[in-house]
Amino acid sequence: MAETASASTIIGPTIKVEGKLQGEEDLVVLGRVEGSISLTKTLIVDEPGVVKAEISVAHMVVNGVVVGNTTASDSVQIAETGRVVGDIKAPRVIIVEGARFRGAVDMGELEAPRPSASLPERGVTHSISTRTANVPAALPAHRATYAPETVRPATTPRPSAPASAVRSETPVAVQGKIHKKVVVKKKH
Amino acid sequence: MAEAACIISNGIQVRGNLSGSGDLIVQGRMEGKIALQAHITVEQGGTVVANLETQELTVHGQVSGNTEASERISISNTAIYVGDLRAPKIVLEDGARFRGNIEMDVPLPKDI
Amino acid sequence: MSNTVVGESIVIDGEITGDDDLVVQGTVKGKIHLNQNLFVEASGVIEAEIATQSVDVSGQITGNITAADKVELKSKCRMTGDIKAPRILIADGASFKGSVDMDVD
């Protein structure tokens, strides 16, 4: 028989568990679990496993079918044969080529690019409209610093940026309209 | 990949609607709406604040908006995407930052 | 023959059914209905109604057992409940409280 030393739990392909499952070890599901699963470690749903449950784990790897919402403190990976319907809340979510998924994904706070329309009207418009540029030469200290001619890498969002963190370069002529260079200071 | 019909390079910002059938590469900033029956690539350093309707989207940079692709969407590990995705195939790489809904066709067993 | 193993730190509150053998090292509360055999290891704790082919107990069971084949209570196990099975083995050192019915037809 299996030794008791931290063996992971395996639910075999013909086994069905209906109810609450909790534990502090890894769990491999090849059968069917309905209800709720709560683990401090990893849940692996392998083919032909089907889990229809609320899931709360550290890691989850899906090669089978999962229907239900998942909260993972570490990561969720939907592998090539995996099919998941439900919401995922985890800091890392990986969906590989071939995986199928439908639901919401929440990785927590993200610094998302905002429309520049939410900037104050102090002329930081990069529109190609026919509006004349009434851009003052110097702007109040409210916005992210523009470094002319340098590309700001997209992977380093500014954490302290106010509501409209526009990561833009120096406006240049589009359609023949010349906009003045604008320089704004970072708000602290 | 076909030669890009349009490149928004990193010093350029465009605000408005963009449509057509050639590939698009965004290295700068695009804001508005894009309806392009081709491949859109948002490179690292590129920013798009727009709803996108396309065949294929590959994101290495930052996108805010909803995308509907008829073929495929791929969010790479340098990307930040906020918004909804809908496509037959969607890939989210390890390290990608994403928040929104993802909608793919998911065939489920009948006894679910 | 695949083995389902419920590990030591696992607690299942609900029903387990199936056609595999089941090894319990953790805790199961509820119901266990199998067409195969149940093995309750020394660390296993079961509070459930059990209906299986056979049961092999080294751990703890509270609940009634119906087995089509046999029930074996090993030394050091603790069982409280009724057993209904055509064959029953109670080892020296086993602790058992309940009734036994071997007349299974």
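Which residues does B:Ile90 touch, not counting residues up to four places away in sequence? In this predicted model, B:Ile90 touches A:Ile95 and A:Phe101 of chain A, together with B:Ile73, B:Leu85, B:Ile102 and B:Met104 of chain B. This briefing begins with the nonpolar core around that residue, turns to the contacts between chains, and ends with the individual chains.

**The largest nonpolar core**

- The largest nonpolar core of the model holds 95 residues.
- Within this core, the residues that touch the most other members are A:Ile37, A:Leu43 and B:Ile90.
- Strand E6 of chain A, which spans residues 50-62, gives the core its largest share, namely 7 residues.

**Where chain B meets chain A**

- In this contact, 42 residues of chain A are matched with 40 residues of chain B.
- Several strands of chain B each supply at least two residues of the side that touches chain A, among them strand E2 (13-20), strand E4 (29-42), strand E5 (47-59) and strand E11 (97-103).
- Strands E6 (62-64), E8 (80-82) and E10 (89-92) of chain B also each supply at least two residues of that side.
- The largest share of the side of chain B that touches chain A comes from E11(B), with 7 residues.
- Sorted by class, the side of chain B that touches chain A consists of 16 nonpolar, 15 polar and 9 charged residues.
- E11(B) is also joined to strand E12 of chain A (residues 100-106) by 5 bridges, and the two strands run antiparallel.
- One of the residues of chain A with a bridge partner in E11(B) is A:Ala104, whose partner there is B:Asn101.

**Where chain A meets chain C**

- This contact involves 24 residues from chain A and 27 residues from chain C.
- On the side of chain A that touches chain C, strand E1 (9-11) and strand E2 (16-23) each supply at least two residues.
- E2(A) gives the most to this side of chain A, contributing 8 residues.
- By class, the residues on the side of chain A that touches chain C comprise 9 nonpolar, 10 polar and 5 charged.
- E2(A) pairs with strand E2 of chain C (residues 11-18) in the antiparallel sense, and this pairing extends over 7 bridges.
- The bridge partner of A:Lys20 in E2(C) is C:Asp13.

**Chain A on its own**

- Chain A contains 12 strands and 0 helices.
- Its elements, read along the sequence, are accordingly β throughout.
- Of the 188 residues of chain A, 36% count as buried.
- When contacts in chain A between residues at least 6 apart in sequence are considered, 22% of them join residues at least 24 apart.

**Chain C on its own**

- Chain C has 13 strands and 0 helices.
- From the N terminus on, each element of chain C is β.
- The radius of gyration of chain C is 12 Å, close to the 13 Å that the globule rule gives for 105 residues, so chain C is as compact as a globular protein of that length.
- Taken along the principal axes, the C-alpha atoms of chain C fill a box of roughly 30 × 30 × 25 Å.
- Buried residues account for 41% of the 105 residues in chain C.
- Among the contacts in chain C with a separation of 6 or more, 1% are between residues 24 or more positions apart.

Note on methods:
Residues are numbered from 1 along each chain as its sequence is written. Chains are lettered from A and ligands numbered from 1 in the order in which they are written. This is a predicted model: local features need pLDDT of at least 70, side-chain atom pairs count only at pLDDT 80 or more; totals for chains, interfaces and linings use all residues. Two residues are in contact if their C-beta atoms, placed from the backbone, lie within 7 Å. Helices (H or I, at least four residues) and strands (E, at least two) are DSSP runs, numbered from the N terminus. Ala, Val, Leu, Ile, Met, Phe, Trp, Tyr, Cys and Pro count as nonpolar, Asp, Glu, Lys and Arg as charged, and the others, Gly among them, as polar. Two strands pair if DSSP finds at least two bridges between them. A nonpolar core is a set of buried Ala, Val, Leu, Ile, Met, Phe, Trp, Tyr and Cys residues joined through C-beta atoms within 7 Å. A residue is buried if 20 or more other C-beta atoms lie within 10 Å of its own, exposed if 12 or fewer, and partly exposed in between; C-beta atoms are placed from the backbone. The radius of gyration is taken over C-alpha atoms; the globule rule is 2.2 Å times the number of residues to the power 0.38.
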